[in-house]
Each structure stands twice: as C-alpha cells, then as structure tokens.
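I am opening these notes to record what I looked up and in what order. The entries go from a single residue outward to the chain as a whole.

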Amino acid sequence: MLYGAECWPVKNSHVQKIKVAEIRILRWMCGCTKRDKIKNEVIRDRVGVASVEDKMHESRLRWFGHVKRRSIDAPVRRCERLAMESLRSGRGRLKKYWGEVIRQDMALFQLTEDMTLDRRVWRSMIKIEG
C-alpha cells in the first residue's frame with residue numbers, strides 16, 4: 001500500500017483515504033465488522049501494528065536522511081527536483097511539494113537537518129514502534 005510513499009507529496013485527503021483502507025484491512029484480518037462497534041485503536045492494538053500515517057512519516061524521513069547523506073555526484077530523483085520547484089495547478093494555492101511535507105514531518109518529530117549526518121542517531125529518532 002505504501003510503495004514509493006517516501007516521494008509522495010501527500011495531502012490530508014490522501015492520508016485519510018489510506019487510513020480508511022488500512023482499518024478495513026485490519027478489521028478483515030481480525031474478522032470484525034463495523035457492526036461490532038470496536039474502536040480502531042483496539043483493532044490496531046489487537047493486530048499489533050503502527051498506523052499507516054506514522055509509517056509514511058518514517059519512510060519519508062528515512063529517505064530524506066539518505067538524500068542528505070549522499071554524495072554530490074549522485075543522480076537526483078524526480079521528487080527531489082520537485083521539492084525545489086513551485087508548481088501551480090490553476091487557481092488557488094500552489095501544489096504541495098515534497099520539501100513542504102518533509103518540513104512538516106521534521107517539525108512533528110522535532111528534528112533538524114543536521115541530525116541526518118549521524119545515521120544511527122537519525123534512524124533511532126524516526127523509528128516507529130509497532
């Protein structure tokens with residue numbers, strides 16, 4: 001479900017759709033339905049997995065660490081190029097881009113770019129249990 005999620009410039013609507021799909025899968029795994037009126041947190045604890053949203057944060061930040069530590073000669077992926085560009089989609093606000101999502105994730109975990117240089121520390125800071 002999360003293949004390539006480290007490069008998605010996700011919106012809240014995307015996250016919501018993925019969360020709904022995740023809970024449906026977990027309920028199916030437990031043999032529960034919505035009629036059983038079991039809370040999502042109880043289902044997630046019963047299966048013993050972290051939320052898909054947390055895993056998305058982790059994968060994006062893990063990829064960001066790779067990007068910051070790589071050599072200058074390394075090729076650039078499309079998502080990194082788009083992080084530097086601003087794209088307009090007609091009327092309204094500019095499209096959300098990868099760099100903006102990474103900044104939000106780093107603020108959520110209270111991280112700085114300098115922390116990426118020590119791989120072991122970086123991985124321990126972004127690791128999601130479950």
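Entry 1, a charged side chain. I began with Arg 44, and since the model is predicted, I treat every value here as a property of that model. Arg 44 has a relative accessibility of 17%, and because buried means under 20% relative accessible area, I enter Arg 44 as buried. I then placed Arg 44 in the secondary structure and found that it belongs to helix α2. Leaving out residues up to four places away in sequence, I listed what Arg 44 touches: Glu 22, Ile 23 and Leu 26, and also Val 49, Ala 50 and Ser 51.

Entry 2, the helix pair. Glu 22, Ile 23 and Leu 26 also appear in my list of α1 residues that meet α2, so I turned next to how these two helices pack, given that two packed helices are described by the angle between their axes and the distance between the axes. Helix α1 covers residues 12-30 and helix α2 covers residues 40-47; their axes come within 10 Å, and the crossing angle is roughly 60°. I therefore describe α1 and α2 as oblique to each other. As for handedness, the crossing in which α1 passes α2 is left-handed.

Which residues in α1 and α2 meet? On the α1 side I noted Glu 22, Ile 23, Leu 26, Arg 27, Met 29 and Cys 30, and on the α2 side Asn 40, Ile 43, Arg 44, Arg 46 and Val 47. Sorting the residues of this contact by character, I obtained 6 nonpolar, 1 polar and 4 charged.

Entry 3, the cysteines. Cys 30 in that contact led me to look for disulfides, and the count comes to 0. How far from Cys 32 is the nearest cysteine sulfur? It is that of Cys 30, at 5.1 Å, and Cys 32 is in no disulfide; the cut-off for a pair of sulfur atoms is within 2.5 Å. I also checked accessibility: Cys 32, at 12% relative accessibility, counts as buried, and Cys 7, with a relative accessible area of 15%, is buried as well.

Entry 4, the whole chain. I closed by stepping back to the overall make-up, where I found 6 helices and 0 strands, which read along the sequence as α-α-α-α-α-α. The chain has 130 residues, of which 34% count as buried. Among contacts in the chain with a separation of 6 or more, I noted that 56% come from residues 24 or more positions apart.

Definitions and conventions. Residues are numbered from 1 along each chain as its sequence is written. This is a predicted model: local features need pLDDT of at least 70, side-chain atom pairs count only at pLDDT 80 or more; totals for chains, interfaces and linings use all residues. Side-chain values use heavy atoms; hydrogens and water are left out. Axes are lines fitted to C-alpha atoms, for helices over the stretch in contact, and angles run from 0 to 180 degrees between N-to-C directions. Helices (H or I, at least four residues) and strands (E, at least two) are DSSP runs, numbered from the N terminus. Angles under 35 degrees count as roughly parallel, over 145 as roughly antiparallel, 65 to 115 as roughly perpendicular and the rest as oblique. A crossing is left-handed if the near helix is turned anticlockwise from the far one by less than a right angle, and right-handed if clockwise. Contact means heavy atoms within 4.5 Å. Ala, Val, Leu, Ile, Met, Phe, Trp, Tyr, Cys and Pro count as nonpolar, Asp, Glu, Lys and Arg as charged, and the others, Gly among them, as polar. Buried means under 20% relative accessible area, exposed over 50%, partly exposed in between (1.4 Å probe, protein chains only).
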